Amino acid sequence: MKFISLTAVMALLPASAYALEGQISDTSGKAIRGASIEVVGQSLTTTTDEQGNFKLDTEGAAQLHIIAPGYVHKSLQLGAGETDKPLQIELAQSVIEQMDVVGIPLHASNLESAIPVTVLAGDELRNKQAATLGDTLGGEVGVHTSFHGNVASTPIIRGLSGPRILITQNSLDVSDASRVGPDHTVASEASTAEQVEILRGPATLFYGSGAIGGVVNVVDKRVPVDTETRGEWLLSHDSVNDQELASFNLNTGAGNVALHFDAFWRESNDYEVPTSPEIDEDHGERSVDSTAEESEGFTVGASYILDNGYVGLSYGKLDREHGIPGHGHGEEEHEGDDHEGDDHEGEEESVTLGLKQDRYQLISELSFDGAFFNGLNTRLGYTDYEHTEFENGSVGTTFSNETEEVKIELLHQALSGWSGAIVFDYKNSDFSAVGEEAFAPPSETETFAIALVEERSFGNVLLQLGARFEQVNINSNDIAIAEVEFHHHDEEEEEHIEEAGHEDHEDEVFSFDEDYNPFSLSAGAVWDFKPGYNVGVSISYSERAPSAAELLSFGPHIATGTFEIGALYEAHEEDDELHFEPGSSKPEMEKSTNIDITFRKFEGDVGIILNAFYNEVDNYYAEFDTELFAEVGHDHGEEPEADPDPHADELPVFVFRSEDVSLYGFEAQGIWQVNSNFKTSLFADYVRAELDDGGDLPRIPPMRFGASVDYVYNNLSAGLSWTRYSDQDDVAELETETDGYDWVDANINYRIALNSTELTLFVKAENLTDEEARVHSSFIKDLAPRPGRNFRIGIRGSF
């Protein structure tokens, strides 16, 4: 059978009704049960029975897409005259699970894309899920975590994070505050997700300039696409922080109405560590302060199923409260507190974060036979996000982000062999931070984009082209520069030398309103040079408008331990005093040129994926040390006592500025199915990030490599994995080096079939050797190492 690209669109032929039937088997002739057969463009699907047989009715010519777990996907284009006898379709086995990617308009799979894609789903996702998205994905090849004390983390892809990595939920921006601060959690939950997609490298073509470094798309069924009744539930307990987790997920329906409901609840205490400078020694335990969490959320959704697709709505609510490690502000007296047996004198002031999010989505996918535009995918989202930092119960700083987004994909039928889509994307984000630690002023960012993505097969080569144009407006009114004194530290005299002030600029108020027009181009090719092998090459040019936080920040950012000054401001010296004021020139856009080369072997008992990348970025925005310090005395509502440390209320001053940067590295995976019981794998990843004028970017993850062994026998499965994190000594100026460490995990699962329900009892051990592990990419690596030895026990069920 000839392999044809999954995303190739068949030529339309005169329609005629006929029955289509056949059998799906592997290359040895063994029938495949439960394989899914989809008629592309006709919203017709079926599955094979125990003997691998299927039957469905269709019209005219048909393009079939066949999927079965553990096998390579297959696409076949058939004419009406090719169904005189049952089809015999063979699927090749693969040790690399092939998964369709929802977040790409052309619906490629992870083994057919020109850009490197990882899809985490099913049992693999459940085994790896953590309380935060960054920690859930932190072990994937090419992905690390920012790790902020187990309560907040974002994914780092090839050394990039923050405003360069877009986090989406069903392809719509999660619209939280995680891109402006490492202590701000990602407002998305993995325990109720169906799969998580990681697009490594520039994904601006599909998602815009905010995805210049990659995308993480969390996919769930909050807008259901069918009425089949199925669901799953989970109960688990973690020993390292006494975490309790419960989650539930249900899809059902009747007639043309499909329904969805999911919910989760999580509660934990401060987590224990092997060693830590911040130790809570109550009851003899060693733990990191302010890492407890309470969170809960639910989602309801409904769809109307049509003959040519579906239209659905959903509402989701998320509430989360957790501590912020490293966010204390000195010691606090608790005179008069009535807490019997507790001694609070001299205790550090506690800071907690309370998060609330309401999220509405409308998602629709429709197909139109016979029309030039034969598909219409619509996604509308509205998100109201807010989190408040509480200091001993009193409101400190409140961050909010209200976002409206509309994404429309018009898919067209084949035109001279080219198929593809026109994408329209509109997003408006109204962000504000109000309070003592509001380091960035309120701002509104509005984006409108139009993109064209096309592909065509030339024999065994699939060519993919695309272009995207955006208009980005960043607006902020009534920006006031606070009165701040800056100093150098005189190490010999141990005193402050005043260098700057803002007395002359205390009442200065100005506005910022600028337009940017980022443009992106991409060309990629996938060459199936031999059955079960392909090579992918992707070349892209991407532009990114700097974020409002990178431009307009001016104030203390306690989570990073710095006083941040945005790229908009320029330093001026008058009368031996240094001050900052808005610059006279418009900050430039980032411009990235990237090349990715991928080799894949995916059939048979051995699977290999090798990626190499080189990314040259002009005007890369990063924070650089000025060697100045700013006094940011924290006001607690009363006169503080004299502090014996004269520098206790100071923060180092970091200024955003743009530099030319080169990032390059590789990712490698090898999987060997030794026999029906044993499978082993090896992996490694590495990224180097250098300033073209000399030096390194800060907080770049170290080289990492590891191995794992998996065992399956009847209903029992087990796994053991080891990862070596190398020393990181390629550091930025004034950044400290980080020692490497070994990380060992193990898991055991036992499945029990109970009528129509499958139960899985599981035990997972993390950090088996109780290693002290500090994450180089973390802002608080010295305060909060990774958790110590942890045992997770639980039960999950599916029906």
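Helices and strands are DSSP runs, with at least four residues (H or I) for a helix and at least two (E) for a strand, numbered from the N terminus. Counted in this way, the secondary structure of this protein, which is seen here as a predicted model, comes to four helices and 45 strands. Of the 799 residues in the protein, 53% are buried, and among the contacts with a separation of 6 or more, 65% are between residues that stand 24 or more positions apart.

**Confidence in the model**

- The average pLDDT of the protein is 86, and 87% of the residues reach a score of at least 70.
- Confidence is highest in strand β42, residues 716–725, with a mean of 98, whereas it is lowest in strand β29, residues 495–500, with a mean of 43.
- Over residues 491–506 the pLDDT is below 50, although the model still gives this stretch 47 contacts beyond near neighbours in sequence.
- Residues 329–346 also have a pLDDT that stays under 50, and for them the model has 25 contacts beyond four places in sequence.

**A five-stranded sheet**

- Five strands form an open sheet with mixed pairing, and their order is β8-β13-β14-β11-β12.
- The edges of this sheet are β8 (117–121) and β12 (172–173), and because each has a single partner strand, one side of each is left without a neighbour in the sheet.
- Strand β11, which covers residues 165–169, pairs with β12 in the antiparallel sense over two bridges, and Gln 169 stands opposite Leu 172 in β12.

**The surroundings of Gln 98**

- Gln 98 is found in the loop that lies between β7 (87–91) and β8, the latter being one of the edge strands of the sheet described above.
- The relative accessibility of Gln 98 is 4%, and since buried means under 20%, this residue counts as buried.
- A polar atom of the Gln 98 side chain lies 2.6 Å from the backbone nitrogen of His 73, and the side chain of Gln 98 also makes a polar contact of 2.8 Å with the side chain of Ser 109.
- When neighbours within four places in sequence are left aside, the residues in contact with Gln 98 are Tyr 71, Val 72, His 73, Ser 109, Asn 110, Leu 111 and Glu 112.

**The surroundings of Asn 475**

- Asn 475 lies in strand β27, and with a relative accessibility of 18%, which is under the 20% limit, Asn 475 counts as buried.
- Although Asn 475 and Ser 511 are 36 residues apart in sequence, they are 7.7 Å apart in space, taken from C-alpha to C-alpha.
- Apart from neighbours within four places in sequence, Asn 475 is in contact with Ser 443, Glu 444, Phe 512 and Asp 513, and a polar contact of 3.2 Å joins the side chains of Asn 475 and Asp 513.

**Cavities**

- The count comes to 14 cavities of 30 Å³ or more, and the largest cavity holds about 720 Å³ of space.
- The lining of the largest cavity is made up of 37 residues, and those nearest its centre are Arg 179, Lys 427, Ser 429, Thr 445 and Ser 547.
- At least two residues of this lining are supplied by each of β11, β24 (394–415), β25 (418–435), β26 (443–458), β27 (461–480) and α4 (548–552), with β25 giving the most, at five residues.
- Two of these elements appear above under other topics, as β11 pairs with β12 in the sheet and β27 holds Asn 475.

Notes: Residues numbered from 1 in each chain as written. Predicted model: local features only at pLDDT ≥ 70, side-chain atom pairs only at ≥ 80, totals over all residues. Heavy atoms only, no water. pLDDT = per-residue confidence, 0-100. Contact = heavy atoms within 4.5 Å. Pairing = 2+ DSSP bridges. Buried < 20%, exposed > 50% of the residue type's maximum accessible area, 1.4 Å probe, protein only. Polar contact = N/O pair within 3.5 Å; in protein donor to acceptor, adjacent residues only side chain to side chain. 1 Å grid on protein atoms, 1.4 Å probe; cavity = no way out; pocket = protein on both sides within 12 Å on 5 of 7 lines; lining within 4 Å. Points joined across faces, edges and corners; volume = space filled by probe spheres on them.
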